[in-house]
2 protein chains.
Amino acid sequence: MAEEQNAQDFTEDGDEGKRPLTRIQKVNRGKILEAALEVFSAHGFRGATLDQIAAEAGLSKPNVLYYFPSKEAIHEALLAGLLDIWLAPLRKMDPEGEPREEIMRYMRRKLEMSREMPRESRLFANEVLQGAPRIGAGLSTDLKTLVDEKAAVIDTWIAQGRLAPVDPHHLIFSIWALTQHYADFDVQVRAVLGPGKDPIEGAAPFLELLFTRLLTP
Amino acid sequence: MAEEQNAQDFTEDGDEGKRPLTRIQKVNRGKILEAALEVFSAHGFRGATLDQIAAEAGLSKPNVLYYFPSKEAIHEALLAGLLDIWLAPLRKMDPEGEPREEIMRYMRRKLEMSREMPRESRLFANEVLQGAPRIGAGLSTDLKTLVDEKAAVIDTWIAQGRLAPVDPHHLIFSIWALTQHYADFDVQVRAVLGPGKDPIEGAAPFLELLFTRLLTP
DNA sequence: GAACAGTTTGACCAATCGGTCAGGGTCACG
DNA sequence: CGTGACCCTGACCGATTGGTCAAACTGTTC
């Protein structure tokens with residue numbers, strides 16, 4: 001195997017890894033990540049090829065490898081920020097807010113993300129489906145911590161009688177499942193509904209009704 | 001080892017292809033399909049290799065190709081019956097039955113399938129996630145027909161006032177999303193809940209509550 | 001405009017993958 | 001126990017894939 005590790009590498013230096021980041025670097029890294037999101041989300045990690053990514057980015061394969069040390073590194077770079085982006089709406093859930101409105105707002109924001117960021121959703125789904133080999137750690141640490149924390153908030157709300165008594169963990173799962181379904185299974189949903197309307201447009205009022213009925217004491 | 005009686009001795013070829021199917025053939029085809037289900041569901045079509053399947057089945061690669069003409073053919077053989085198996089519970093939904101009980105029964109059966117056939121669920125999810133390149137046709141024909149038919153039944157029930165008014169298509173989607181989530185995103189669910197209990201055990205009462213609240217007029 | 005860092009590429013490589021093939025082993029049955 | 005159909009395998013092949021490399025090109029700065 002190639003054991004040669006380029007010691008003088010990229011941003012992973014813990015200390016002063018100050019790198020001015022050329023204009024061309026910024027542009028091309030962006031193009032690569034955008035192309036990689038397109039290809040990885042459509043074919044999975046194993047199903048995507050560097051040639052596809054390079055073509056999609058409008059660069060040559062060696063040029064892509066000039067900006068990222070490996071295919072794996074591109075994938076990691078994509079997943080790196082994804083978990084945070086993905087959980088940002090949940091983080092915003094305010095313990096001081098009105099319980100039902102807070103949960104509904106979270107659900108709406110997640111549904112909106114399924115419409116506006118379906119590729120990110122599918123990238124994530126691909127990763128989890130195959131056992132989360134590359135972000136498994138983040139799931140049982142960051143993710144679990146955040147969910148447990150918000151579940152505690154929900155339990156408080158329930159104890160105060162401001163919310164119908166439901167299992168808070170499964171409530172959060174249900175929001176994930178119901179919203180991401182429209183991004184991840186888009187082809188199936190569209191095949192069933194037939195051509196024309198945006199599926200999420202019909203989903204929105206349904207989910208409003210569903211969660212209102214579920215959460216009203 | 002997992003000894004699953006893959007009762008799928010398929011004698012297709014409406015033509016003259018009526019070989020009696022040797023005992024060894026039955027056994028080895030079963031071993032290959034079982035192994036392929038394991039590997040395809042875990043890594044996707046592109047991510048799975050014939051060597052993996054052969055190793056999992058305890059056969060040599062050329063031997064695997066003796067029973068199936070190609071990797072593609074193995075995958076197709078798996079998907080062939082899957083859509084039917086997958087939709088069987090929906091087919092059983094009885095227009096003459098008690099509306100809420102019929103829908104609850106369907107939901108329960110789907111949840112049960114997530115527990116007992118998670119690999120099939122993930123195989124299906126993998127296929128749909130990547131645009132359903134191999135069963136796309138079946139989605140907009142068989143699947144759409146069945147769902148439209150059952151949606152009409154649900155609409156009738158609603159018109160009779162025996163069910164709360166909800167969009168029947170999205171109701172069916174919600175059952176799919178909520179139940180399959182526990183199979184497809186198993187790693188994530190377990191990471192969040194922590195080790196120990198079976199996630200589906202906790203999901204069952206939650207889903208009972210959710211759909212009861214949603215469907216009661 | 002020299003000089004050097006940063007950028008790009010064609011040619012190439014080793015590994016892996018799906019699949020083939022000739023030949024040999026094994027089973028069932030008369 | 002012979003024989004033909006069925007079963008199995010090691011060796012091999014062409015294509016694809018992730019990745020390397022030397023050399024050439026470009027942009028920027030003094």
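This is a short tour of a predicted model, moving from the two protein chains to the two DNA strands and then to a few single residues.

**Stop 1: the two protein chains**

Select chain A and chain B. A turn of 180° with a shift of 0.0 Å along the axis lays chain A on chain B, with an RMSD of 0.1 Å. That is the relation of a two-fold axis. Now show the interface between the copies. Of the interface residues of chain A, 100% are also interface residues in chain B, so the copies meet through the same surface.

**Stop 2: DNA strand D**

Select DNA strand D and show the protein around it. You should find 19 residues there. The closest are L50(A) and K71(A) from one chain, with Q25(B), S60(B) and Y67(B) from the other. Look at which part of the strand faces the protein. Of the strand D atoms that come within 4 Å of the protein, 68% belong to sugar and phosphate.

Next, pick out single contacts:

- Q25(B): an N or O atom of its side chain is 2.8 Å from a phosphate oxygen of strand D.
- S60(B): a polar side-chain atom sits 2.9 Å from a phosphate oxygen of strand D.
- N63(B): a polar side-chain atom is 3.2 Å from a sugar or linking oxygen of strand D.

Which elements give two or more residues to this surface? In chain A, select α3 (61-67). In chain B, select α1 (23-47) and α3 (61-67). Then colour the surface near strand D by residue class. It has 7 nonpolar, 7 polar and 5 charged residues.

**Stop 3: DNA strand C**

Switch to DNA strand C. Here 19 residues lie around the strand. Those that come nearest are Q25(A), N28(A) and Y67(A), along with L50(B) and K71(B). Sugar and phosphate make up 59% of the strand C atoms that come within 4 Å of the protein.

Three contacts are worth a click:

- N28(A): an N or O atom of the side chain is 2.9 Å from a phosphate oxygen of strand C.
- N63(A): a polar side-chain atom lies 3.2 Å from a sugar or linking oxygen of strand C.
- A48(B): here a polar backbone atom is 3.2 Å from a phosphate oxygen of strand C.

Select α1 (23-47) and α3 of chain A, then α3 of chain B. These are the elements that give two or more residues to the surface near strand C. By class, that surface holds 8 nonpolar, 7 polar and 4 charged residues.

**Stop 4: Q188(A)**

Leave the DNA and select helix α9 of chain A, residues 186-193, where Q188(A) has its place. Is Q188(A) buried or exposed? Its relative accessibility is 3%, so Q188(A) counts as buried. Show what is in contact with Q188(A), leaving aside neighbours within four places in sequence. From chain A you get H181(A). From chain B you get F124(B), V128(B), L139(B), L143(B) and W176(B).

**Stop 5: A132 in each chain**

Go to the loop between α6 (118-129) and α7 (136-159) of chain A, and select A132(A). What is phi here? Phi of A132(A) is near 50°, a positive value in a residue other than glycine. A132(A) is buried, with a relative accessible area of 4%.

Finish in chain B. A132(B) lies in the loop between α6 (118-129) and α7 (136-159) of that chain. Its phi is near 50°, again positive in a residue that is not glycine. With a relative accessible area of 4%, A132(B) is buried.

Technical notes: Residues numbered from 1 in each chain as written. Chains lettered and ligands numbered in written order. Predicted model: local features only at pLDDT ≥ 70, side-chain atom pairs only at ≥ 80, totals over all residues. Heavy atoms only, no water. Near = heavy atom within 4 Å. Polar contact = N/O pair within 3.5 Å; in protein donor to acceptor, adjacent residues only side chain to side chain. Helix = DSSP H or I, 4+ residues; strand = E, 2+ residues; numbered from the N terminus. Nonpolar A, V, L, I, M, F, W, Y, C, P; charged D, E, K, R; others polar. Buried < 20%, exposed > 50% of the residue type's maximum accessible area, 1.4 Å probe, protein only. Contact = heavy atoms within 4.5 Å. Least-squares fit on C-alpha atoms with pLDDT ≥ 70 in both.
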